[in-house]
Amino acid sequence: MRPRHATEADLPDVEALLRSCSLPAVGIRGQAVQFHVSRDKNGLLGCAGIEEFDGSVGLLRGLAVAERARRAGLAALLVSSLVADVRLRGIDTLIVGTTVAAGYFSRLGFTPADRATIPLELLASREFANTSSGETTLLKAEL
Ligand SMILES: CC(C)(COP(=O)(O)OP(=O)(O)OC[C@H]1O[C@@H](n2cnc3c(N)ncnc32)[C@H](O)[C@@H]1OP(=O)(O)O)[C@@H](O)C(=O)NCCC(=O)NCCS
């Protein structure tokens with residue numbers, strides 16, 4: 001249950017969970033994205049990933065919790081686990097782009113981000129490959 005770093009063996013389940021939530025799974029097997037996962041004996045409960053840009057900015061990717069584990073605070077726990085980890089690595093700003101969950105990220109303390117202040121390479125992330133900028137809300141959290 002407690003979140004931990006994902007291993008190669010977790011990634012097929014992470015991919016399947018993201019797909020089941022209609023979230024982009026593209027690029028998650030590359031070195032650039034690191035996932036934290038939570039599992040129980042029946043399988044994957046949830047995941048959250050981070051893609052690093054410029055050494056100090058992280059793009060929060062693929063936050064998802066299996067339906068059987070929702071509303072227990074697991075997504076918040078996964079984000080906290082990720083935040084503790086990336087702070088140690090020198091990341092001081094987290095960005096998230098979402099089409100459906102801006103309200104959820106606001107509850108976690110994210111605020112609307114000015115697109116002009118976001119690194120261009122982050123905006124070009126494969127995370128956003130299949131969504132138009134008009135439908136994606138960008139939020140940020142200073143850590
Ligand atoms: C969003 C999600 C990760 C939340 O997971 P979770 O472990 O249930 O979240 P928590 O237990 O920390 O918080 C649950 C609360 O968030 C609320 N919430 C869930 N999805 C929400 C959304 N899209 N917008 C606003 N609030 C939302 C729930 O209603 C619940 O509220 P309550 O505490 O008042 O009952 C999960 O619903 C999910 O995987 N959804 C599909 C994928 C997705 O949308 N991911 C985020 C986009 S990147």
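This briefing walks through the sheet, one of the helices, the ligand site and the confidence of the structure above. The model is predicted, and the chain averages a pLDDT of 93, with 100% of the residues scoring at least 70. Its strands include an open sheet of seven, in the order β1-β2-β3-β4-β5-β7-β6, with mixed pairing. There is also a ligand, with 18 residues surrounding it.

**The sheet as a whole**

- A good place to begin is the strand order, β1-β2-β3-β4-β5-β7-β6, which makes an open sheet with mixed pairing.
- The edges belong to β1 (4–5) and β6 (111–112); each has a single partner strand, so one side of each is left without a neighbour in the sheet.

**From β1 to β4**

- Starting from the β1 edge, β1 and β2 run antiparallel and are joined by two bridges.
- Arg4 has Val37 in β2 as its bridge partner.
- Next, β2 and β3 are antiparallel too, with eight bridges between them.
- A hairpin of two residues carries the chain from β2 to β3.
- To find this pair of strands in the viewer, look for His36, which stands opposite Ala48 in β3.
- Strand β3 (residues 43–53) then pairs with strand β4 (residues 57–65), running antiparallel and joined by seven bridges.
- Here Cys47 stands opposite Ala64 in β4.

**From β5 to β6**

- Further along, strand β5 (residues 93–98) and strand β7 (residues 137–142) run antiparallel, and six bridges join them.
- Gly97 faces this partner strand, standing opposite Leu138 in β7.
- Strand β7 also pairs with β6, in the antiparallel sense, over two bridges.
- Thr111 has Lys140 in β7 as its bridge partner.

**A helix across the sheet**

- Helix α1 (residues 11–20) lies across three strands, namely β2 (33–40), β3 and β4.
- Relative to β3, helix α1 runs at about 90 degrees.

**The ligand and its surroundings**

- Of the 18 residues that surround the ligand, the closest are Leu63, Val65, Arg71, Gly73 and Tyr104.
- Gly73 offers a polar backbone atom that is 2.7 Å from an oxygen atom of the ligand.
- The side chain of Arg70 has an N or O atom 3.4 Å from an oxygen atom of the ligand.
- At Val100, a backbone N or O atom lies 3.2 Å from a nitrogen atom of the ligand.
- The ligand taken alone exposes 900 Å², and the protein buries 73% of that.

**How confident the prediction is**

- Confidence in the chain is highest in β1, at 98.
- It is lowest in helix α4 (residues 120–123), where the mean is 90.

Terms used:
Residues are numbered from 1 along each chain as its sequence is written. This is a predicted model: local features need pLDDT of at least 70, side-chain atom pairs count only at pLDDT 80 or more; totals for chains, interfaces and linings use all residues. Side-chain values use heavy atoms; hydrogens and water are left out. Two strands pair if DSSP finds at least two bridges between them. Helices (H or I, at least four residues) and strands (E, at least two) are DSSP runs, numbered from the N terminus. Contact means heavy atoms within 4.5 Å. Axes are lines fitted to C-alpha atoms, for helices over the stretch in contact, and angles run from 0 to 180 degrees between N-to-C directions. A residue is near a molecule or strand if one of its heavy atoms lies within 4 Å of it. A polar contact is a pair of N or O atoms within 3.5 Å; within protein, one must be able to donate a hydrogen and the other to accept it, and residues adjacent in sequence count only if both atoms are side-chain atoms. Accessible areas come from the Shrake-Rupley method with a 1.4 Å probe; for residues, only the protein chains shown count as cover. pLDDT is the predictor's confidence in each residue, from 0 to 100.
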